[in-house]
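Colleague: I am new to this structure and would like a close look at one part of it, the place where the ligand sits. Please take me through the surroundings of the ligand step by step.

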Amino acid sequence: SATTKIDLRSDTVTKPTEEMRAAMASAEVGDDVYGEDPTVNRLEARAAEIFGREAAIFVPTGSMGNQIAIKLHTQPGQEVVCEARGHIVDWEMAMVSAFSGCHLRTVAGEQGVLTWDRIQPALSPKIYYRAQTGLIALENSHNMAGGTVTSPDIYEEIWCGARDAGIPVHLDGARVFNAATALSVGVAELTSGFSSVMFCLSKGLCAPVGSMLVGSRKFIERARSVRKMLGGGMRQAGVIAAAGLIALEEMPKRLHEDHANARLLAEGVAALPMVDIDLSTVQTNIVIFKVRGVSNVAPLLAKLKHRGVLGGSAAADQIRFVTHKDANQAACKEALRITNEVLNGN
Ligand SMILES: Cc1ncc(COP(=O)(O)O)c(CN[C@H](C(=O)O)[C@H](C)O)c1O
């Protein structure tokens, strides 16, 4: 099989930059369970500042960040309203139920986007014999809808409605910097009305490990205990937080390159007669498409892999390509050439 690998399975595959590795090697560290790791403390303070929040906590994964937030916002027996293809629905091991004891009340979005008029009907009536809605959990960008983004004006209506209903709102912002880039807004403005926000340092921002949860001081204090419950109390985590600081400071400014490469891939595959793609969903670094007459893309992914292109799937019949720092424009053009060959049966 091909030697060079163009890895478009996800932006989770990004490797740390040389600058990150140097910072990791020389990081000042301490025992973070005692709150004594200076680098983690700096990263948490910086994240809170960037998001305009009181506090932040460094967590090993985006999944843990989401599940800590859901646990804190809800009581067992409540419902969590979210979009039907959300990450917390399909990719977090049913932890909304297993850890928080809640029921997922899923709502179909338009290209993954939930507006208030779709959310409101899914909220439980305030009747004693109905499980109550404990949380509204949203995702921006929306991964399985193709990396689609939700704009601040849509959120304004949701934040207002949720506040009137007394229901907290959490954002799974694994790729919120991608969304902010596509919308040309700052992440603080895009997320200001959320009760809590999770974002990933380890995806498009290229840190090797880590995500963060931001919110009120009280919320983050409680999050620290829930993280400990999950075994997420880390020790000299400054080694990875050092990379996170660089991810936060340096990497958002290059995300537009990933978006341009996604656009290049999308328009390239869209030109193929057997490809079914909605180009309007290609708004950030994710490209999802179907191949006419193919209900299971696994064999196609195997052929691509054999020729050096690693792709993923958003569903059995949907190929997913995700662009990132380690797949530059030349690599994406080569991946497109190989994809054309494979889809044309050559
Ligand atoms: C919206 C969103 N929220 C949360 C997470 C979880 O992040 P991690 O737990 O992997 O750090 C992911 C990871 N997404 C991964 C990927 O896209 O390859 C897989 C699907 O888990 C995500 O896309």
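**Around the ligand**

Modeller: This is a predicted model, and a good place to begin is a polar side-chain atom of K203, which lies 2.9 Å from an oxygen atom of the ligand. With the protein in place, 85% of the 500 Å² of accessible area that the ligand has on its own is covered. Two further contacts can be followed by eye: an N or O atom in the side chain of S10 is 2.8 Å from an oxygen atom of the ligand, while an N or O atom in the side chain of D172 is 2.7 Å from a nitrogen atom of the ligand.

Stepping back to the whole shell, 17 residues surround the ligand, and S10, S63, H87, N143 and D172 are the closest of them. By class, the shell is made up of eight polar, six charged and three nonpolar residues. Helix α3, which covers residues 62–73, gives the most to this shell, with three residues. The space that the ligand takes is the largest pocket.

K203 also leads to another part of the model, as this residue is listed with A174, R175, V176, F177, N178, C200, G204 and L205 in the lining of the second largest cavity. That cavity has a volume of about 40 Å³, and helix α8 (residues 176–183) gives the most to its lining, with three residues. The lining of the second largest cavity divides into five nonpolar, two polar and two charged residues.

Note on methods
Residues numbered from 1 in each chain as written. Predicted model: local features only at pLDDT ≥ 70, side-chain atom pairs only at ≥ 80, totals over all residues. Heavy atoms only, no water. Near = heavy atom within 4 Å. Polar contact = N/O pair within 3.5 Å; in protein donor to acceptor, adjacent residues only side chain to side chain. Areas by Shrake-Rupley, 256 points an atom, 1.4 Å probe, with all protein chains shown as cover. 1 Å grid on protein atoms, 1.4 Å probe; cavity = no way out; pocket = protein on both sides within 12 Å on 5 of 7 lines; lining within 4 Å. Sits in = over half its atoms within 2 Å of the grid points. Helix = DSSP H or I, 4+ residues; strand = E, 2+ residues; numbered from the N terminus. Nonpolar A, V, L, I, M, F, W, Y, C, P; charged D, E, K, R; others polar. Points joined across faces, edges and corners; volume = space filled by probe spheres on them.
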